[in-house]
Amino acid sequence: MTPPYRVGDELPPLEIPVTRTLIVAGAIASRDYQDVHHDAASAREKGSPDIFMNILTTNGLVGRYITDHFGPTAVLRKVAIRLGAPNYPGDVLRLTGRITELRTADTSSADTSSDEVVDAVEAIEAIEAVVQVTGGNGIGRHVTGTVAVTLPEPSAKRTGA
């Protein structure tokens with residue numbers, strides 16, 4: 001069966017309000033206790049107008065963008081991002097994406113560590129998509145990167161005992 005995706009397909013944009021709570025919660029969740037992510041006075045002392053989002057929070061939001069689009073069976077294989085303009089409280093992060101590559105991914109698995117005969121091998125024909133992701137805010141481009149994501153084809157059937 002032909003996958004429902006094509007190279008060049010645009011993902012619908014996702015707009016995420018950047019709140020002070022999101023910035024601080026993301027820093028805490030990723031154990032990034034740098035004061036520039038939670039203390040506005042310290043951030044200003046270091047030359048920033050306010051606290052700003054850390055890269056791990058951005059990475060998580062990029063992953064969410066991809067899995068929100070491709071669904072709960074999507075498996076992130078690689079996320080490679082670069083940051084640009086900071087995300088400050090009050091910004092809106094607007095993520096967009098475009099499929100740049102589709103390839104078949106063989107996810108066969110078998111127990112070859114024993115001498116016993118393997119009665120069943122689970123094999124799933126899957127598609128791996130590479131998505132170019134960008135995200136901007138009111139002051140410029142916040143993030144650019146690529147994400148490789150594997151998703152089973154709708155027609156794939158699992159075999160086995």
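## Core, surface patch and salt bridges

Let's start with Leu56, which sits in helix H3, the helix spanning residues 55-70. Please keep in mind that this is a predicted model. Leu56 counts as partly exposed because its relative accessibility is 48%, and the partly exposed class runs between 20% and 50%. Together with Ile55 and Leu83, Leu56 makes up a nonpolar patch on the surface, and the three share about 250 Å² of accessible area.

Now to the interior. In soluble globular proteins, nonpolar side chains tend to be buried together. Here the largest nonpolar core has 28 residues, and the members that touch the most others are Ile66, Phe70, Leu95 and Val133. Two or more residues each come from strand S1 (10-17), helix H2 (40-45), H3, strand S3 (92-106), strand S4 (125-137) and strand S5 (140-152). Helix H3 gives the largest share of this core, with five residues.

Which residues does Phe70 contact, once neighbours within four places in sequence are set aside? They are Tyr5, Leu11, Ile99, Ala129, Val131, Val149 and Leu151.

Next come the charged side chains. Side chains of opposite charge can pair when their charged atoms come close. Across the whole structure there are six salt bridges. Here are three pairs with the separation of their closest N and O atoms:

| Basic residue | Acidic residue | Closest N and O atoms |
|---|---|---|
| Arg94 | Glu15 | 3.3 Å |
| Lys46 | Asp35 | 2.7 Å |
| Arg64 | Asp68 | 3.1 Å |

What does the salt bridge between Arg94 and Glu15 tie together? Arg94 belongs to strand S3 and Glu15 to strand S1, so their pairing links parts 79 residues apart in sequence. Arg94 is partly exposed, at a relative accessible area of 39%, whereas Glu15 is exposed, at 51%.

The salt bridge of Lys46 with Asp35 joins two loops: Lys46 lies in the one between H2 and H3, and Asp35 in the one between helix H1 (20-29) and H2, so this pair ties together parts 11 residues apart in sequence. Lys46 is exposed, with a relative accessible area of 54%.

Arg64 and Asp68 bring us back to helix H3, where both residues lie four residues apart, about one turn of the helix. Arg64 is partly exposed, its relative accessible area being 36%.

Finally, a network of salt bridges links Glu101, Arg103 and Glu128.

How values were computed: Residues numbered from 1 in each chain as written. Predicted model: local features only at pLDDT ≥ 70, side-chain atom pairs only at ≥ 80, totals over all residues. Heavy atoms only, no water. Patch = residues over 30% accessible without salt bridge, like charges linked within 9 Å, V, L, I, M, F, W, Y side chains within 5 Å. Areas by Shrake-Rupley, 256 points an atom, 1.4 Å probe, with all protein chains shown as cover. Salt bridge = Lys/Arg side-chain N within 4 Å of Asp/Glu carboxyl O. Buried < 20%, exposed > 50% of the residue type's maximum accessible area, 1.4 Å probe, protein only. Core = buried A, V, L, I, M, F, W, Y, C linked by side-chain atoms within 4.5 Å. Contact = heavy atoms within 4.5 Å.
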